[in-house]
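Please look through the sequence and the model shown below, and then follow the description paragraph by paragraph with both at hand.

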Amino acid sequence: MSSNTAYEKVKIARSNKRPTAVDYIDHLLTDFIELHGDRRFSDDGAIVGGIARLNGRPITVVGIEKGRNTKERMQHSFGSPNPEGYRKALRLMKQAEKFHRPLLCLVDTSGAYCGIGAEERGQGQAIAENLMEMMTLKVPVISIVIGEGGSGGALALCVADRVWMLENAIYSVISPEGCASILWKDSAKAAEAAENLKLTAQDSLSNGLIEKVIPEETLGEETFYESLKNQLISEYEILAGLELPDLLEQRYQRFRRIGCFETIDE
Amino acid sequence: MATFLKFLFHSRNELETGGRSSLPVQEDASEPEKVCPNCHLSIPLSRLWANDNTCTCGFHFRMSALQRIAFIADEDTFSEMFSDVSTRDPIQFPGYQKKLEMTRISSKEDEAVICGTVRIGGVECCIFVMEQYFMMGSMGTAVGERITRTFEYASEHKLPVVGFTVSGGARMQEGLFSLMQMAKTSGAVKRHSDLGLFYLVVLTDPTTGGVTASFAMEGDVILAEPGATVGFAGARVIEQTTRKTLPRGFQTAEFLLDHGFVDAIAPRNIQKNMIAELLKLHTTGEEDEQ
Ligand SMILES: [Zn+2]
């Protein structure tokens, strides 16, 4: 495992040289058919989703896509979904449920889109609805944080049975810059904030908040995707072996147990 | 330690927050006044308080959680639960323990939410009321746990839940643990909802961030207090990132009503009746005339 500092990892996670969601879709899955739109307002390019096959079996995939060059980045709103993006994601999840397809979420966002229109169209409500609905989605769900896992905007695709993170991915309640500017009125202290926020994949794993860290030695190479693909296949097999009530109870408990509090006996 | 800190942090006026008691306050000539930011009238605190913390012009001042419980509960029906759940310091965030200690003294509360059971208009329900005087109502693991337990208790006892939100969002000092509380509470709300039980939420000033993106927006009925700021991203952040002038009334309760995200505005002079009526409409059986 790498010995990068937390803030170095933040920079690596944000690097535009990393594979994005569509790269994973291309290499892990076959026969991908992209499906567009939330059926309510528009089609948010920040969310790329559709139906494909994993090892020959149908699967629904929903990813947050940042784009690989300036033009693509514009088209994909720099990977910051608007409410219609989260609603598009939810539409595809419900479709997966209807047709008993497992769900794969690929997460890479600095956060939900921050804008006037996003507020007018209910950014908070859109995320909240995904959290509720994913909790009881009747198919196995695996989410992989492949780059940035930025706050509520990432969580809206991470209410899953398994959450994995790439070795240099981050998952955080707030950006280190935001944290530094609120706490110390100094966004230059972002490196310190990054350290303190415990936002690396290794921190998340040791805090029991994710199930697995995916090594990056061969990131983007065929062996990398091959290995990840095999891990997905066997994990979906395990999840498919569970009775539905057990699957949902385990998903509920996966989040239910997260806390760090004490109860004082009175 | 306690005495020393108490002295330092005893800055807020007792009358203003109602302290930890709901006794009526006597008006006297020397008492402090508060200036209404809307009409600039000076109001003696006791009168303000007697008027449910509203100005005659209609401006709604903020309320502490205990004031709000006294305001909404049928007399002597509130019974607090889960007050023993308190946060530890999950990621050993620098300065957090100290901040918690000081906040506990200055706010006289131990966390940013008070939960329990209560009767409103005679209907028994579970209630949670967030406390803005405790780290701006931010949600850490204790807040998440208390709210989750409230919904689980309500599910077990087939009770409706009434919630009052006020929050700056997730508590960053608890890192990813606090973000996860959004999912945890949403799961408990969903289970409660799937049992056919009623959840009414009242958005109060300000409700933002991770709370807006979870249980604040998950009510069967969502009410909001007049003028309350409700949004996901902070207005200043939006202004800075988009470099656009925000529309008039942006992220107010009325703005959300216009855009279809709240059911109704609930001014305090009719709020208790609205809540009681809605609760009665969701109880089984016919209303018995009294
Ligand atoms: Zn006034």
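In this predicted model, a salt bridge links the two chains where the side chain of A:Arg256 meets that of B:Glu145, with 2.9 Å from N to O. The count of salt bridges between chain A and chain B is three. Around them lies a wider interface, in which 49 residues of chain A are in contact with 57 residues of chain B. The area buried between chain A and chain B comes to about 4,600 Å², and carbon and sulfur atoms give 71% of that area. On the side of chain A, the residues A:Glu119, A:Met132 and A:Cys260 supply 15% of the area that this chain buries against chain B, which is more than any other three residues supply.

From the interface we can turn to the nonpolar interior. The largest nonpolar core has 140 residues, and those with the most contacts inside it are A:Ile144, A:Leu157, A:Tyr171 and B:Phe128. Helix α7 of chain B, which covers residues 175-194, contributes eight residues, the largest share of this core. A second core, separate from the largest one, has 27 residues, including B:Ile114, B:Phe164, B:Met274 and B:Leu278.

What surrounds B:Phe128, once its neighbours within four places in sequence are left aside? The residues in contact with B:Phe128 include B:Val113, B:Ile114 and B:Cys115, as well as B:Ile147 and B:Phe151. Also among them are B:Val161, B:Val162, B:Gly163, B:Phe164 and B:Thr165, together with B:Tyr199 and B:Phe215.

The next element to trace is a sheet. In chain B, seven strands form an open sheet with mixed pairing, and their order is β3-β5-β6-β7-β8-β9-β10. The edges are held by β3 (79-81) and β10 (264-265) of chain B, each of which has a single partner strand, so one side of each is left without a neighbour in the sheet. At one of these edges, β3(B) runs antiparallel to β5(B), residues 113-120, and three bridges join the two strands. Within this pairing, B:Met81 has B:Cys115 of β5(B) as its bridge partner.

Helix α4 of chain B, residues 65-72, lies across four strands of chain B, namely β5, β6 (123-130), β7 (161-167) and β8 (199-207), and runs at about 160° to β6(B). Is this helix enclosed or open? Seven of the eight residues of α4(B) are buried, so the helix is largely enclosed by the rest of the structure. The buried residues of α4(B) are B:Ala65, B:Leu66, B:Gln67, B:Arg68, B:Ile69, B:Phe71 and B:Ile72.

Key
Residues numbered from 1 in each chain as written. Chains lettered and ligands numbered in written order. Predicted model: local features only at pLDDT ≥ 70, side-chain atom pairs only at ≥ 80, totals over all residues. Heavy atoms only, no water. Core = buried A, V, L, I, M, F, W, Y, C linked by side-chain atoms within 4.5 Å. Buried < 20%, exposed > 50% of the residue type's maximum accessible area, 1.4 Å probe, protein only. Contact = heavy atoms within 4.5 Å. Pairing = 2+ DSSP bridges. Axes fitted to C-alpha atoms, helices over the stretch in contact; angles between N-to-C directions. Buried area = accessible area lost by both parts, 1.4 Å probe. Salt bridge = Lys/Arg side-chain N within 4 Å of Asp/Glu carboxyl O.
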